[in-house]
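Visitor: I am new to this structure and should like to understand the terms used for it. May I put some questions to you?

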Amino acid sequence: MIDTGEVSAFRDLHTRLGDAVESAVRGKRDVVDLVLVAMFAGGHVLLEDVPGTGKTTLARAVAGALGGVSRRVQFTPDLLPSDVTGTSVYDPQTGQIRFRPGPVFANIVLADEINRAAAKTQSALLEVMEERTVTIDGVGHTVPDPFLVVATQNPIDLDGTYRLPEAQLDRFMLRTSIGYPSVEDELDVLRPGSGAGRIADVHTVTSPREVSSFSGRLSLLHVADPILQYISSLGTGTRSDERLRLGTSTRGLRTLVRCAQVYAASKGRHFVVPQDVQDIADPVLAHRLVLTRESVLSGVTTSEVLADVLSRVPVPKPAAQ
């Protein structure tokens with residue numbers, strides 16, 4: 001089990017990381033915290049938002065605060081899988097075939113407008129996200145640790161895009177959006193001399209090794225059986241809801257447990273409480289749900305269905321003393 005001292009140290013690190021990233025991405029601490037949860041939980045993030053809201057800045061700021069290697073890939077219809085993963089090339093000086101790593105060999109990979117690439121290229125990235133390994137000519141090449149993919153897609157402009165299937169959406173640990181800033185934060189961004197968006201000014205506050213160490217330890221954070229039963233009941237609730245064609249998978253529920261562990265530790269607790277599950281449920285589960293055709297036509301969203309399920313499922317009570 002993880003002790004209170006380790007949780008306290010993690011909370012301090014999480015706060016310092018959030019402060020460093022927020023120096024470039026103003027007024028979006030909740031989104032920053034979600035991305036950090038995914039990083040420490042060993043998952044990946046899908047950002048759905050309109051252009052100009054800071055998606056690229058957020059990914060680059062996380063990389064700057066981490067102190068690791070970051071890469072950006074602009075997804076286009078003519079992008080090939082080898083452009084993402086790397087390929088074997090002939091070296092005329094040695095007369096041998098050597099592996100040339102692609103941009104996925106980095107700690108933070110920004111996959112910009114992932115829905116503009118063909119399905120084969122999308123699958124190449126998603127396979128690396130799951131396996132953490134690139135296999136070229138029968139030889140496996142492991143990507144760095146930690147490895148976080150922040151993929152973006154524009155939900156408005158759908159011309160020339162390739163929608164991610166539900167099975168591929170399930171590979172993303174979290175889905176969220178940044179949204180427009182508040183009036184006060186937008187004024188701060190617009191003010192001449194503001195540091196908003198200046199990645200070079202983001203302070204490095206940790207290292208990839210420290211992040212990997214905490215990530216492994218946080219998987220041991222205590223989750224009581226009533227909490228696990230609560231999470232299982234939420235999954236059952238989505239599968240039985242008539243507005244959904246597809247409820248959450250067991251993998252989705254396991255992801256919810258993992259995120260709740262990191263989220264609880266970021267709040268300074270060495271155990272998960274129901275509020276942690278409720279706070280993190282929508283970004284973890286909503287994109288894994290599939291509405292029926294009738295629900296889509298009636299304007300229902302998966303977030304609304306999930307909120308109803310959360311309101312119906314009984315919340316576990318603390319044991320009587």
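Guide: Certainly. Please keep in mind that this is a predicted model. A suitable place to begin is the sheet, where Leu47 stands opposite Thr152 in E8.

Visitor: What makes strand E1 and E8 a pair?

Guide: Two strands pair if at least two bridges are found between them. Strand E1 (residues 45-48) and E8 are joined over 4 bridges, in the parallel sense, so the condition is met.

Visitor: Which residue of E8 is the bridge partner of Ile108?

Guide: The partner of Ile108 in E8 is Leu148. Likewise, Ala111 has Ala151 as its bridge partner in E8. Strand E5 (residues 108-112) pairs with E8 over 4 bridges, again in the parallel sense.

Visitor: How is E2 joined to E5?

Guide: E2 and E5 run parallel and are joined by 5 bridges. In E5, Ile108 is the bridge partner of Ser70, and Ala111 stands opposite Val73.

Visitor: What is the order of the strands in the open sheet?

Guide: The 5 strands follow the order E2-E5-E8-E1-E9, with parallel pairing. Strand E2 (70-74) and strand E9 (174-176) each have a single partner strand, so they stand at the edges, and one side of each has no neighbour in the sheet. On average, and with direction ignored, neighbouring strands of this sheet are turned by 15 degrees against each other.

Visitor: Which helices lie on these strands?

Guide: Helix H2 (residues 29-41) lies across E1, E5, E8 and E9, and runs at about 165 degrees to E9. Helix H3 (residues 55-66) packs on the sheet and touches E1, E2, E5 and E8. The direction of H3 makes about 170 degrees with that of E5.

Visitor: Why is strand E8 described as largely enclosed?

Guide: Of the 6 residues of strand E8 (residues 148-153), 6 are buried, so the strand is largely enclosed by the rest of the structure. In a regular strand the side chains alternate between the two faces of the sheet. In E8, Leu148, Val150 and Thr152 are on one side and Val149, Ala151 and Gln153 on the other, and all are buried.

Visitor: How do you know that E5 is largely enclosed?

Guide: In E5, 5 of the 5 residues are buried, so this strand too is largely enclosed by the rest of the structure. Ile108, Leu110 and Asp112 point one way from E5, while Val109 and Ala111 point the other way; all are buried.

Visitor: Why is Thr53 called buried?

Guide: Buried means under 20% relative accessible area. Thr53 has a relative accessible area of 12%, so the residue is buried. Its place is in the loop between E1 and H3.

Visitor: What is Thr53 in contact with, leaving aside its neighbours within four places in sequence?

Guide: Thr53 is then in contact with Ile178, Gly179 and Tyr180. The C-alpha atoms of Thr53 and Ser177 are separated by 9.1 Å, although these residues are 124 residues apart along the chain.

Visitor: Let us turn to the helices. Why is H9 called roughly parallel to H11?

Guide: Two packed helices are described by the angle between their axes and the distance between the axes. The axes of helix H9 (residues 225-240) and helix H11 (residues 274-285) come within 10 Å and cross at roughly 30 degrees. Angles under 35 degrees count as roughly parallel, and therefore H9 is roughly parallel to H11. Their crossing is right-handed.

Visitor: Which residues meet in this contact of H9 with H11?

Guide: From H9, Ile227, Tyr230, Ile231 and Leu234 meet Pro274, Val277 and Gln278 of H11. These residues divide into 6 nonpolar, 1 polar and no charged.

Visitor: At what angle do H11 and helix H13 pack?

Guide: H11 and helix H13 (residues 302-312) pack at about 145 degrees, with axes 10 Å apart. The crossing of H11 and H13 is right-handed. Gln278, Ala281, Asp282 and Leu285 of H11 make the contact with Ser303, Leu306 and Leu310 of H13. Here the division is 4 nonpolar, 2 polar and 1 charged.

Key:
Residues are numbered from 1 along each chain as its sequence is written. This is a predicted model: local features need pLDDT of at least 70, side-chain atom pairs count only at pLDDT 80 or more; totals for chains, interfaces and linings use all residues. Side-chain values use heavy atoms; hydrogens and water are left out. Buried means under 20% relative accessible area, exposed over 50%, partly exposed in between (1.4 Å probe, protein chains only). Helices (H or I, at least four residues) and strands (E, at least two) are DSSP runs, numbered from the N terminus. Axes are lines fitted to C-alpha atoms, for helices over the stretch in contact, and angles run from 0 to 180 degrees between N-to-C directions. Angles under 35 degrees count as roughly parallel, over 145 as roughly antiparallel, 65 to 115 as roughly perpendicular and the rest as oblique. A crossing is left-handed if the near helix is turned anticlockwise from the far one by less than a right angle, and right-handed if clockwise. Contact means heavy atoms within 4.5 Å. Ala, Val, Leu, Ile, Met, Phe, Trp, Tyr, Cys and Pro count as nonpolar, Asp, Glu, Lys and Arg as charged, and the others, Gly among them, as polar.
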